[in-house]
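Work through the exercises below with the sequence and the model open beside you. Try each task before you read its solution.

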Amino acid sequence: MSAFDQKKAFILESIGLTSSEVPDASPKGTIDSLCLPTINVINAHPDMVTTSSCSGRVSVFLEGMKKADTQIGAKGNEGRWLFVTHHPEELSSWYDQVDFVYEEPKPTEDSQRFILFKFEPLILHVKCRDLDTANLLYSTAMGCGFRESGIGSNNIVGIRISIKLDTPIGYLQDDKLVSIVPKSYLELITKLSLDRFTENFRKMETLTRAIESMGKPQKAPVVESKEERRLRKMKEGMARRESVREEKEKKRREKELQNQ
């Protein structure tokens, strides 16, 4: 079994073991059910396997504490999700699930921890057996509108699309989650996210169908260099001359036998 086949077998076994009781490293803890049709098509291909996936999500995130005045807040240092969903039907009045205090914005400090509203579209990482397969998958994804896609190390293809939404909506003040925008603005960005979910799922279906009919990469014809062509022609000429010489020698011997 090749190194790729061993890696694929391990990943598929891990996918089969993932559950709410045995979560993976993602915030959700399990594989996105909305991603499964695409994942299954990819993993059915003998030369590809998914290494990570997200069907698209809306999240409201409180930045972590900053170690320096110039540092951008991150997931660590007490950063946490206040709300996250992969399902558009769960977006209605999501802000009522967060203990917001609605206030006019005040001057902030450099160490302020902001609250960010994000829509993040589908993202897939797919390990391919070889560069030919990676190039074919990359071309297929680009053809489906996933213009942020690329090929990384170890023939891993990142499939991405640029329809994200990312905006600050508040900050942490003492222990209060302060929203600096009214509910009407939160409703507006929720509507924008629902529109993006629709486009995201349409693109995902297009991608799934394209990968399903993708097949295997065609080997490119070998193009000779001038030097390779010269050597080949010289070798073929020598072979023809040798063949003619042998034929003449054969006829000479036959004639000698007839004269005896």
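**Exercise 1.** Leaving aside neighbours within four places in sequence, find which residues Thr38 is in contact with, and decide whether Thr38 is buried or exposed.

*Solution.* Begin with the contacts, where contact means heavy atoms within 4.5 Å: once the neighbours within four places in sequence are set aside, Thr38 touches Leu124, Met204 and Thr208. Next, place the residue, which lies in helix α2; helices (H or I, at least four residues) and strands (E, at least two) are DSSP runs, numbered from the N terminus. Finally, Thr38 has a relative accessible area of 1% and is therefore buried, since buried means under 20% relative accessible area, exposed over 50% and partly exposed in between, with a 1.4 Å probe and protein chains only.

This is a predicted model, in which local features need pLDDT of at least 70 and side-chain atom pairs count only at pLDDT 80 or more, while totals for chains, interfaces and linings use all residues. Residues are numbered from 1 along each chain as its sequence is written, and side-chain values use heavy atoms, with hydrogens and water left out.

**Exercise 2.** Describe how the axes of helix α2 (residues 36-44) and α4 cross, and name the residues that meet there.

*Solution.* Two packed helices are described by the angle between their axes and the distance between the axes. Here the axes of α2 and α4 come within 9 Å and cross at roughly 15°; the axes are lines fitted to C-alpha atoms, for helices over the stretch in contact, and angles run from 0 to 180 degrees between N-to-C directions. That crossing makes α2 roughly parallel to α4, because angles under 35 degrees count as roughly parallel, over 145 as roughly antiparallel, 65 to 115 as roughly perpendicular and the rest as oblique. On the α2 side the contact holds Pro37, Thr38, Val41 and Ile42, and on the α4 side Met204, Thr208, Ile211 and Glu212.

**Exercise 3.** What kind of aromatic pair do Phe119 and Phe197 form, and where in the chain does each lie?

*Solution.* Rings of Phe, Tyr and Trp (its six-membered ring) pair if their centres lie within 6.5 Å, and planes under 30 degrees apart count as stacked, over 60 as edge-to-face and the rest as tilted. By this rule the count comes to 8 aromatic pairs. One of them, Phe100 with Tyr102, is edge-to-face, at 6.1 Å centre to centre with 65° between the planes. Phe119 and Phe197 also form an edge-to-face pair, at 5.0 Å centre to centre with 80° between the planes. This pair links distant parts of the chain, with Phe119 in strand β5 (residues 114-120) and Phe197 in helix α4 (residues 183-212), 78 residues apart. Phe119 is buried at 0%, and Phe197 is buried at 1% relative accessibility.
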